Amino acid sequence: MTWRASASTAFGFWTCKAYGSLRRLGVVFTTDHDLAGIGEHSVQFLDVYTKEPKEITHIDALVLVNGAASQNRLFHELRSARKDLEVHLIGDALAPRRINDAIFEAELVARKI
Ligand SMILES: Cc1cc2nc3c(=O)[nH]c(=O)nc-3n(C[C@H](O)[C@H](O)[C@H](O)COP(=O)(O)OP(=O)(O)OC[C@H]3O[C@@H](n4cnc5c(N)ncnc54)[C@H](O)[C@@H]3O)c2cc1C
């Protein structure tokens, strides 16, 4: 049931395909772990819930995917400094997401002005 709901979206469909391919290729997913340390060729984790340590050795490369934060200071400064201006907050400045969200919001604003 959950899989069907997920696969009904384009993102869910491709995620299911990618995860399946990766698992068939032997990729092991380690979830619910915090990064606790990075060694020369090893990575240490802590289980988020039990704090049990876990180490993965023989690491060749480590790719960090960090979260993003919106940069919207210009919007707030402009809005308070220039009440005569119509200022809109869209795209990643509103909330970091995908490029199609920024394009969609830009079109909505463009049609309004
Ligand atoms: C590494 C990475 C990979 C990504 N991959 C994908 C992907 O594969 N598919 C996807 O859909 N999305 C992807 N995204 C997200 C996508 O890039 C953003 O959602 C999209 O670029 C947001 O567009 P935007 O116009 O809101 O912001 P931006 O593209 O960030 O444009 C904002 C612009 O404003 C300029 N600016 C900022 N402050 C000022 C200022 N004070 N004065 C003048 N100019 C200023 C910046 O220099 C920048 O050029 C990725 C993002 C990153 C970081």
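The following dialogue takes a reader through a predicted model, from its overall fold to single residues and the ligand.

Biologist: Which helices and strands does the protein contain, and what pattern do they follow along the sequence?

Modeller: The protein has five helices and three strands. Along the sequence they come in the pattern α-α-β-β-β-α-α-α. The radius of gyration is 21 Å, whereas the globule rule gives 13 Å for 113 residues, so the protein is more spread out than a compact globule. Along the principal axes, the C-alpha atoms fill a box of roughly 60 × 35 × 30 Å.

Biologist: How many domains are assigned, and where do they lie in the sequence?

Modeller: The domain assignment gives domain 1 (1-30), domain 2 (31-63) and domain 3 (73-112). Between the C-alpha centres of domain 2 and domain 3 there are 39 Å.

Biologist: What share of the residues is buried?

Modeller: A residue counts as buried if 20 or more other C-beta atoms lie within 10 Å of its own. In this protein, buried residues make up 0% of the 113 residues. Contacts may be read alongside burial. Among contacts between residues at least 6 apart in sequence, 10% join residues at least 24 apart.

Biologist: How should a single helix be read, with helix 5 as the case?

Modeller: One may compare the span of a helix with the span expected from its length. Helix 5 has 14 residues, and from its first C-alpha to its last it reaches 20 Å, close to the 20 Å expected at 1.5 Å a residue. Helix 5 is also hardly covered, with a count of zero buried residues.

Biologist: What is phi like in most residues, and which residues here have a positive phi?

Modeller: Most residues other than glycine have a negative phi. In this model, Asp32 has a positive phi, near 60 degrees, and is not a glycine. Asp32 sits in the loop between helix 2 (10-24) and strand 1 (33-38). Lys51 is likewise not a glycine, and its phi is positive at about 65 degrees. The loop that holds Lys51 runs between strand 2 (42-47) and strand 3 (53-57).

Biologist: Are Asp32 and Lys51 buried or exposed, and on what count?

Modeller: A residue is exposed if 12 or fewer other C-beta atoms lie within 10 Å of its own. Asp32 has 9 C-beta neighbours inside 10 Å and therefore counts as exposed. Lys51 has 9 other C-beta atoms within 10 Å, so Lys51 is exposed.

Biologist: What can be said of Glu40 and Glu55?

Modeller: Glu40 belongs to the loop between strand 1 and strand 2. With 5 C-beta neighbours inside 10 Å, Glu40 counts as exposed. Glu40 and Ile59 are 19 residues apart along the chain, and their C-alpha atoms are separated by 8.2 Å. Glu55 is part of strand 3. Glu55 is exposed, because 12 other C-beta atoms lie within 10 Å. Leaving aside residues up to four places away in sequence, Glu55 touches Ser42 and Gln44. Gln44 is eleven residues from Glu55 in sequence, and the two are 4.4 Å apart, C-alpha to C-alpha.

Biologist: Where is Leu89, and which residues does Leu89 touch?

Modeller: Leu89 lies in the loop between helix 3 (73-81) and helix 4. It counts as partly exposed, because it has 15 C-beta neighbours inside 10 Å. Not counting residues up to four places away in sequence, Leu89 touches Asn72, Phe75 and Leu94. Leu89 and Ala106 are 17 residues apart in sequence, with 9.3 Å between their C-alpha atoms.

Biologist: Which residues are around the ligand, and which helices supply at least two of them each?

Modeller: A ligand shell can be read first as a list of residues, then by the elements that supply them and by class. Around the ligand are Leu74, Gly91, Asp92, Ala93, Arg97, Arg98, Ile99, Asn100 and Ala102. Helix 4 (91-94) and helix 5 (99-112) each supply at least two residues of this shell. By class, the shell has four nonpolar, two polar and three charged residues.

Methods:
Residues numbered from 1 in each chain as written. Predicted model: local features only at pLDDT ≥ 70, side-chain atom pairs only at ≥ 80, totals over all residues. Near = placed C-beta within 6 Å. Helix = DSSP H or I, 4+ residues; strand = E, 2+ residues; numbered from the N terminus. Nonpolar A, V, L, I, M, F, W, Y, C, P; charged D, E, K, R; others polar. Domains from an automatic or database assignment. Rg over C-alpha atoms; globule rule 2.2 N^0.38 Å. Contact = placed C-beta atoms within 7 Å. Expected span 1.5 Å × (residues − 1).
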